[in-house]
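Reader: I would like the labels used for this model set against their criteria. Please take them one at a time.

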Amino acid sequence: MKHFRSNKKAIFLLTFPALFIFSVVVIYPLLQTFYRSFFEWNGLSQPRYIFLENYKSLLHDDIFYTSLYNGAIFALILTVFQLGIGSVLAFILLENKVFGKKILRTSYFIPVVLSVTVVCQLWLTMYNAQFGLINKIFELLHFTYRQDWLGDTNLSIIAITVVASWQFMGYQFAIIYAGMKTIPEHIYEAAKLDGASKVKTHLKITIPLMAETYRICLIFALIGGLTAYGYMNIMTGGGPGTSTYTLTYQMIRSAFVMNEIGYGSASAVVLILECFVVTLIINRFIARERITY
Amino acid sequence: MRKEFVKAISICLALTMILVLAACGKSSTPTASTNPSSSTPQATEEATTATPIAQEPVTLKLYAQYSVDDEKGSLDYAIEALKKELPNVTLDIEPFVSSDVLKVRASTGDLPDIMAADPGLVSVFSKNNEILNLKDYADVKSAFLDKLAPGVIPNIEDKDGNLYALSTGGNLWHLWFYNKEIFAQNGVKVPTNNDELTAAVKAFTAKNIVPIAMYGQAAWSIGSYMDSFVLRTNPGGLIELATGKSKASDPQNKDAITRAAELIKLGAFQKGSTSTTYDQARELFHSGKAAMLIVGDWEIPDGVKALGDKLDFMPYYPTALAGKEEENKNQLVAFGGGGGYAVSAKTKNKDLAVKVAAMLAYYQGEGRYVRQGHTDVNINTDGLKTEKPLDPVTEKLIKLKRDYIYHAHTVFADPKFATPFGEQLQSLVAGEPLTDFFAKVDKLSPAQ
């Protein structure tokens with residue numbers, strides 16, 4: 001092992017392909033996006049250098065604020081729903097007495113392997129204001145609470161977030177459950193001998209020991225929420241109006257619909273910075289030190 | 001040792017980045033060579049001197065709608081006809097995926113020789129000299145323009161009289177289709193004016209029947225509905241908002257838009273219409289859950305297949321004020337014009353590619369009419385006979401459309417206006433106050 005680590009040529013040969021591909025596929029487009037954001041450009045014409053004008057325009061664009069707000073709402077609901085329910089389900093499956101563990105574990109994960117398109121079509125049918133399952137259930141139960149789930153400017157973003165939360169909850173559950181399984185049994189036994197209840201055991205032992213896992217889950221959920229695009233594209237097309245736009249949606253609208261590549265790039269840069277800041281904050285405040293047990 | 005290694009890695013990565021940046025950067029040469037003032041007159045000169053077209057085998061790349069049977073039928077017909085006249089030409093067909101594909105290919109200098117381009121793309125490409133101005137090519141005149149129905153040419157030219165695309169289809173009239181049986185069973189009169197339309201909407205909503213199946217996820221469909229009202233009071237139509245000729249809040253538009261919005265509030269569209277797709281709306285209509293559907297006349301074959309003789313369309317928009325039914329009654333929203341086959345400015349065989357594009361555009365129209373029985377063609381069909389008998393709905397349209405006044409739905413051609421305007425239309429359907437709609441749309445209109 002020591003001999004291998006001292007062989008710099010081998011390390012170079014093994015790491016270079018990955019570094020090269022990463023540079024071409026990730027770093028180069030990022031730099032290009034940043035560079036293009038200083039230009040007025042429709043993708044074909046001669047770009048015109050306008051320095052920070054695109055960023056100034058963003059600050060005066062109502063759609064930008066709608067997109068920021070929607071991204072925040074999406075990320076927040078996604079995080080609470082996925083991490084909350086994912087954790088509760090993992091706690092339940094941690095119990096030995098639970099019947100049909102394997103079936104439950106698999107069924108939680110099924111939505112994850114479905115494509116976003118399939119999931120959206122499924123929920124579009126359920127959300128249909130006239131003939132959809134959800135409103136029909138309310139009707140059968142004689143509830144007057146029937147909604148135009150995707151046609152209401154305030155409700156539609158929440159309705160879409162529920163779909164995304166539901167689909168990838170199983171993914172977060174799998175990570176959390178796997179993390180919980182690594183906690184040594186003797187810690188729980190000690191807590192049991194001390195008379196700790198189940199709830200207290202999880203609050204005082206499981207969750208603190210899972211801090212690193214939760215950090216990863218939190219990053220996945222928040223970044224996934226901030227960069228959301230597919231769900232709204234399929235389910236509402238960003239509408240009604242601009243009510244389900246996110247920054248990714250705004251970027252695509254500007255760059256590929258309005259042919260304003262520079263402005264779209266500026267949106268993309270803000271999105272990248274937003275994700276970067278969120279990741280930094282999470283890494284700064286959650287599980288800073290490595291937990292060993 | 002370690003520092004040296006880090007240095008070596010850093011240098012390698014930096015070199016890689018430089019290599020990639022250099023390789024992916026766009027050369028400035030093509031931009032210079034596609035100067036408008038140099039390319040267009042050259043083409044004109046070549047055309048007027050009628051340079052003989054080479055007879056050696058040539059393969060041209062064609063990016064065209066060629067995915068579903070309907071598209072394949074007419075293009076195959078055109079290719080058969082082309083083979084007879086130009087046997088040396090082979091077409092390498094690339095089925096149309098999206099306009100964005102062409103935008104990306106244009107930016108890398110890889111446009112196909114001939115491409116089906118929508119009006120928005122034609123507008124962008126023509127401004128950037130990516131496509132040829134076909135106006136003065138002799139072959140375009142003889143193989144296409146001379147064979148068009150009267151009055152079509154101004155609709156396919158841009159506002160400066162240039163011709164960048166040869167439309168394969170003709171005027172696709174936007175019609176109000178309805179299910180005769182639903183109207184009859186519910187004792188509702190087929191509306192001829194706004195009052196009767198309002199009564200019909202009220203009657204259908206009371207019986208839990210969707211009055212108009214709307215596919216509002218595509219905002220232009222709401223625009224067509226709105227234009228149906230505006231055209232009855234302002235023959236200029238909604239396009240005036242995009243050109244700045246009039247504003248939404250101007251009297252000739254305001255009343256019509258207000259009436260259209262009031263009907264939406266009454267429940268003219270199904271709930272969730274802004275997230276409803278085209279296919280879903282058609283399904284509502286075809287399955288008898290909706291009484292009306294506003295769509296182009298391309299709907300006729302599928303509509304007849306689904307509803308049989310229950311399908312009909314209103315000869316004129318039922319949106320006029322009572323007593324004013326005759327005013328502007330022939331004004332109809334239509335698609336067509338502005339898009340079609342465009343020829344890359346960088347094609348190696350300019351004259352041949354232009355001639356092939358012109359022939360394809362004509363013969364595809366002929367194929368649509370003769371082989372498929374579609375009437376949405378802009379070629380002169382006098383003397384042509386369809387292979388199969390036409391259905392009664394198509395026969396009715398053929399008789400009526402002679403008097404229809406073409407009104408291009410180009411309000412949705414320029415994305416700079418169309419995108420935010422479409423968003424406002426959706427917001428209006430979702431319940432935004434009409435005053436906000438007028439204020440925001442007025443802001444979008446360019447000053448005259």
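Reader: In what order do the four strands of the open sheet in chain B lie, and what is the pairing?

Author: This is a predicted model. In chain B the order is 2-1-3-9, and the pairing is mixed. From one strand to the next the twist averages 25°.

Reader: What makes a strand of this sheet an edge strand, and which strands are they?

Author: An edge strand pairs on one side only; in chain B that holds for strand 2 (89-95) and strand 9 (340-343).

Reader: How do you know that strand 1 and strand 3 of chain B pair?

Author: Pairing requires at least two bridges. Strand 1 (residues 58-64) and strand 3 (residues 114-117) of chain B have two bridges, in the parallel sense, so the criterion is met. Leu62(B) stands opposite Ile114(B) of strand 3.

Reader: Which helix packs on the sheet, and which strands does the helix touch?

Author: Helix 4 (residues 69-85) of chain B does, touching strand 1, strand 2 and strand 9 of chain B. The direction of helix 4 makes about 165° with that of strand 2 of chain B.

Reader: Why is Asn129(B) called buried, and Phe51(A) partly exposed?

Author: Buried means under 20% relative accessible area, and partly exposed runs from there up to 50%. Asn129(B) has 17%, so Asn129(B) is buried. Phe51(A) has 44%, and therefore counts as partly exposed.

Reader: What is notable about phi in Phe51(A) and Asn129(B)?

Author: Most residues other than glycine have a negative phi. Phe51(A) has a positive value, near 55°, in the loop between strand 2 (48-49) and helix 3 (53-59) of chain A. Asn129(B) also is not a glycine and has a positive phi of about 55°; Asn129(B) sits in the loop between helix 6 (119-127) and helix 7 (138-143) of chain B.

Reader: What is the peptide bond from Gly239(A) to Pro240(A), cis or trans?

Author: That bond is cis, with omega near -5°. Pro240(A) is in the loop between helix 12 (230-235) and helix 13 (247-257) of chain A.

Reader: Which residues touch the most other members of the largest nonpolar core?

Author: Of its 67 residues, these are Trp176(B), Ile212(B), Tyr225(B), Met292(B) and Phe437(B). Another core, of 46 residues, lies apart from it and includes Leu132(B) and Leu145(B).

Reader: Where in chain B is the pLDDT below 50?

Author: Chain B averages 86, and 86% of the residues score at least 70. Over residues 20-50 of chain B, however, the pLDDT is below 50; beyond near neighbours in sequence, that stretch has 26 contacts in the model. Where pLDDT is low, predicted coordinates should not be read in detail.

How values were computed
Residues numbered from 1 in each chain as written. Chains lettered and ligands numbered in written order. Predicted model: local features only at pLDDT ≥ 70, side-chain atom pairs only at ≥ 80, totals over all residues. Heavy atoms only, no water. Axes fitted to C-alpha atoms, helices over the stretch in contact; angles between N-to-C directions. Contact = heavy atoms within 4.5 Å. Core = buried A, V, L, I, M, F, W, Y, C linked by side-chain atoms within 4.5 Å. Buried < 20%, exposed > 50% of the residue type's maximum accessible area, 1.4 Å probe, protein only. pLDDT = per-residue confidence, 0-100.
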